[in-house]
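User: I should like to learn how to read the structural features of a protein model, one at a time. Please give the general idea in each case and then turn to the example at hand.

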Amino acid sequence: MFGLETDTRREQRFLARPIARRMHSREDSLVVSAIDTLPITIAVLDDEGTILQTNRAWSEFATENDLEMHPDTVGTNYLAITAQGETEHARSAATGLSETLSGDREKFELEYPCHSPDERRWFLMRAVSFTEDGERYVAVAHLDITERYEFRHQLEASNERLEQFAYAVSHDLQEPLRMVTSYLELLEQRYAGELDAEADEFIEFAVEGATRMEAMIEGLLTYSRVHTQNTLVQPVDLEAVLDDVRAGLERRIEETEAEIRTDSLPVVEGNASQLRQVFQNLVDNALEYSGGDSPRVTISAERVGDEWIVSVSDEGIGMDPSDADRVFDVFERLHSFEEHEGTGIGLALCRRIVEDHGGAIWIDTEPSTGLTVSCTLPATDQ
């Protein structure tokens, strides 16, 4: 933890309080005994930051780490001692704890290092306020998350290496594939009609396959760059984003006689370029899977807490609800290329972008009744 010292005056003031304030019923005693069995260090503070009660793990942590303080730390002002810390983590802890004690926030969490000469460890500090008999208290807990922390960072490093690999492979494959595609197109143009029908068909299949592979590699390249490109986060007007999407799909909208209806769309926190990719894919899919009739697409938004739920709905062919999760996987397709065009990356790209914005994306659907793709995006006060 951040280090504790005995504050004699605080302790004396606490001990001078009526004994009835510190007495427990049998049920309270059972709760205290149960908390004492937990490996998590726990303390209860009054609204000034003075420690009123701790569990056994809290005291044992102090003993094991040779911290010079009263065995149960009762009477110590935890906020004052934390505020004395010189590290960035200690200052963050003091600020968050102070805001929780004052009622400006209900809870505060912070991951911080607690290294020794022999071992590197990480802890999660959590402070949560509660009231009892009209008085405010704060429960503070410290959980050793070293194993989870290291695993998470190993996973992040592994994902980063995979992203770099995917980028390198997809980027390096583009040039030789362009060469293959170019020569196949030359064959198709130069010898069309001069060979037998079967040879013409073979060349046509080869050109289509190479073109499709080129689109898939380009999609994979875009997918691999999502995380590294999500650096410019600012207020994004989704009305303007949708205007750009409409302009990009103008010819297709006219050809299909599509009707796109929208509610008033909000301003969210995000990367404008990436959010445009999301809605480009979602609207394009709604047009593609309209079922043959003139597509009708509805885009709506609903504020829930500090997020917006933005939905794109169509009245097309829908899908089996059991497929609603797997269509977000890379290269996952429910239809053949002859039935519907696409690389199988669009929805995977949408999920990656939305999750990179701290949101979630999901599908509500039934066969032949259309579907709704919804995602959450962080709200902004603008």
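User: Let us begin with burial. Is H12 mostly covered or mostly open, and how many of its 11 residues are buried?

Analyst: Please note that this is a predicted model. A residue is called buried when its relative accessible area is under 20%. By that criterion H12 is mostly covered, with eight of its 11 residues buried. The buried positions are Gly346, Leu347, Ala348, Leu349, Cys350, Arg352, Ile353 and Val354. Just after H12, Gly358 adopts a positive phi of about 80 degrees.

User: What share of the protein chain counts as buried?

Analyst: Of its 382 residues, 37% count as buried. The chain contains 12 helices and 12 strands. Its accessible surface comes to about 22100 Å², and carbon and sulfur atoms account for 49% of that area.

User: How should one read a nonpolar core, and which residues touch the most other members of the largest one?

Analyst: In soluble globular proteins, nonpolar side chains tend to be buried together. Here the largest nonpolar core has 41 residues, and those touching the most other members are Leu238, Phe279, Val283, Ile299, Val310 and Ile363. Two or more residues each come from helices H9, H11 and H12 and from strands E9, E10, E11 and E12. H11 gives the most, namely seven residues. Another core, of 19 residues, lies apart from this one and includes Ile51, Trp58, Leu97 and Phe108.

User: Which residues does Phe279 contact, once its neighbours within four places in sequence are left aside?

Analyst: Phe279 is then in contact with Leu238, Val241, Val245, Val310 and Val312. Across the chain, among contacts between residues at least 6 apart in sequence, 61% join residues at least 24 apart.

User: Where does a nonpolar patch appear on the surface, and which residues make it?

Analyst: Met179, Tyr183 and Leu186 make a nonpolar surface patch of about 330 Å². Leu186 belongs to helix H6, which spans residues 146-191, and at 40% relative accessibility Leu186 counts as partly exposed.

User: How many salt bridges are there, and which parts does the pair Arg126 and Glu109 tie together?

Analyst: Side chains of opposite charge can pair when their charged atoms come close. The count here is eight salt bridges. In one of them, the side chains of Arg126 and Glu109 meet at 2.8 Å, N to O. Because Arg126 lies in strand E4 and Glu109 in strand E3, this pair ties together parts that are 17 residues apart in sequence. Arg126 is partly exposed at 33%, and Glu109 is likewise partly exposed at 40%.

Arg252 and Glu288 form another salt bridge, at 2.4 Å, N to O. This pair links helix H10 with helix H11, across 36 residues. Arg252 counts as partly exposed at 23% relative accessibility, whereas Glu288 counts as buried at 19%.

User: Which residues are joined into one network by salt bridges that share partners?

Analyst: The side chains of Arg261 and Glu259 meet in a salt bridge of 3.8 Å, N to O. Shared partners join Glu259, Arg261, Arg296 and Glu315 into one network.

User: Finally, consider backbone angles. Where does Asp133 lie, in a loop or in a strand?

Analyst: Asp133 lies in the loop between strands E4 and E5. Its phi is near 55 degrees, a positive value in a residue other than glycine. Asp133 is exposed, with a relative accessible area of 73%. Glu257 also has a positive phi near 55 degrees; Glu257 is found in the loop between helix H10 and strand E7 and is exposed at 59%.

Terms used: Residues numbered from 1 in each chain as written. Predicted model: local features only at pLDDT ≥ 70, side-chain atom pairs only at ≥ 80, totals over all residues. Heavy atoms only, no water. Core = buried A, V, L, I, M, F, W, Y, C linked by side-chain atoms within 4.5 Å. Buried < 20%, exposed > 50% of the residue type's maximum accessible area, 1.4 Å probe, protein only. Helix = DSSP H or I, 4+ residues; strand = E, 2+ residues; numbered from the N terminus. Contact = heavy atoms within 4.5 Å. Areas by Shrake-Rupley, 256 points an atom, 1.4 Å probe, with all protein chains shown as cover. Patch = residues over 30% accessible without salt bridge, like charges linked within 9 Å, V, L, I, M, F, W, Y side chains within 5 Å. Salt bridge = Lys/Arg side-chain N within 4 Å of Asp/Glu carboxyl O.
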